Amino acid sequence: MHSMHAMDACELLDADHVAVKHLFVDYARLAMAAPEGSGAERRELADRICRELTVHAQIEEEVFYPALQRARKEAGSLLEDAKREHQQAKEMVARIQSYGEPDPALDTLVAKLAQLIEHHVKEERTGLFPMARTSGLDLSALADELRARQEQLMPVAAAWVPSFPPRRESRAPD
């Protein structure tokens, strides 16, 4: 998602947060301004949001959260909350992936996912990131590890979340 290599782990993860926020805004703008003529673009944005969030959650769960847990035992309850929020997001991503042509129900689901992610990001920014910054962790080295894992996962993620055409069968007209 980004090419800057001077970021620490918290900055790298937050850059992902900002990037996906822009995707949510783009989706909402299309859904409001041109719901009838923007189906393919909205489907592509929804798929991209799903890919970005899937990879982001995986690198947090595989790399960042375990490192923070080892460095700061008191992070446990915050990390458990974050993992629960990840699970909620994964369930919503799976529902979004099951849709074909975008419709108002998909638009609502994407908006709800945006709200969940916004809440999750706020909690990371106010709880986990400050804790990580005072943990003694080498956040630069951790950023390198996060980035390497992200680079491994992004090409694979394209196969997890295929782009248009629809993945759900349409109902036959009555």
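## A tour of the pocket, the cavities and the aromatic cluster

By class, nine nonpolar and three charged residues, with no polar ones, make up the lining of the largest pocket. Keep in mind throughout that this is a predicted model.

**Stop one: the pocket.** Begin by selecting Lys-21, Phe-24, Val-25, Tyr-27, Ala-28, Ala-31 and Met-32, and then add Asp-107, Val-110, Ala-111, Ala-114 and Glu-118, which together line the largest pocket. The space that they border has a volume of about 160 Å³. If you colour the model by helix, you will find that α1 (9-33) and α4 (104-133) each supply at least two residues of this lining, with α1 giving the most, at seven residues.

**Stop two: the largest cavity.** The structure holds two cavities of 30 Å³ or more, and the largest cavity contains about 170 Å³ of space. To find its centre, select Leu-53, His-56, Ala-57, His-86 and Ile-117, which are the closest to that point among the 17 residues of the lining. Four helices, namely α1, α2 (39-71), α3 (76-98) and α4, each supply at least two residues here, and the largest share, six residues, comes from α2. The lining of this cavity divides into seven nonpolar, five polar and five charged residues.

**Stop three: the second largest cavity.** Next, select Leu-78, Asp-81, Ala-82 and Glu-85 together with His-120, Glu-123, Glu-124 and Leu-128, the residues that line the second largest cavity. The elements that give two or more residues to this lining are α3 and α4. About 50 Å³ of space lies inside the second largest cavity, and its lining has three nonpolar, one polar and four charged residues.

**Stop four: the aromatic rings.** Finally, show the side chains of Phe-64, Tyr-65 and Phe-129, which ring pairs link into a cluster. A search of the whole structure finds two aromatic pairs. In one of them, the rings of Phe-64 and Tyr-65 have their centres 6.2 Å apart and their planes at 55 degrees, so this pair is tilted; both of these residues are buried. The pair of Phe-64 with Phe-129 is edge-to-face, with 5.9 Å from centre to centre and 85 degrees between the planes. Because Phe-64 lies in helix α2 and Phe-129 in helix α4, this pair ties together parts that are 65 residues apart in sequence. With a surface display switched on, check how little of these two rings should show: Phe-64 is buried, with a relative accessible area of 0%, and Phe-129 is also buried, with a relative accessible area of 2%.

Definitions and conventions: Residues are numbered from 1 along each chain as its sequence is written. This is a predicted model: local features need pLDDT of at least 70, side-chain atom pairs count only at pLDDT 80 or more; totals for chains, interfaces and linings use all residues. Side-chain values use heavy atoms; hydrogens and water are left out. On a 1 Å grid over the protein atoms alone, a cavity is a set of points where a 1.4 Å probe fits but cannot get out, and a pocket is an open set with protein on both sides within 12 Å along at least five of seven lines; lining residues have an atom within 4 Å of a point. Grid points are joined across faces, edges and corners, and a volume is the space filled by probe spheres set on the points. Ala, Val, Leu, Ile, Met, Phe, Trp, Tyr, Cys and Pro count as nonpolar, Asp, Glu, Lys and Arg as charged, and the others, Gly among them, as polar. Rings of Phe, Tyr and Trp (its six-membered ring) pair if their centres lie within 6.5 Å; planes under 30 degrees apart count as stacked, over 60 as edge-to-face and the rest as tilted. Buried means under 20% relative accessible area, exposed over 50%, partly exposed in between (1.4 Å probe, protein chains only).
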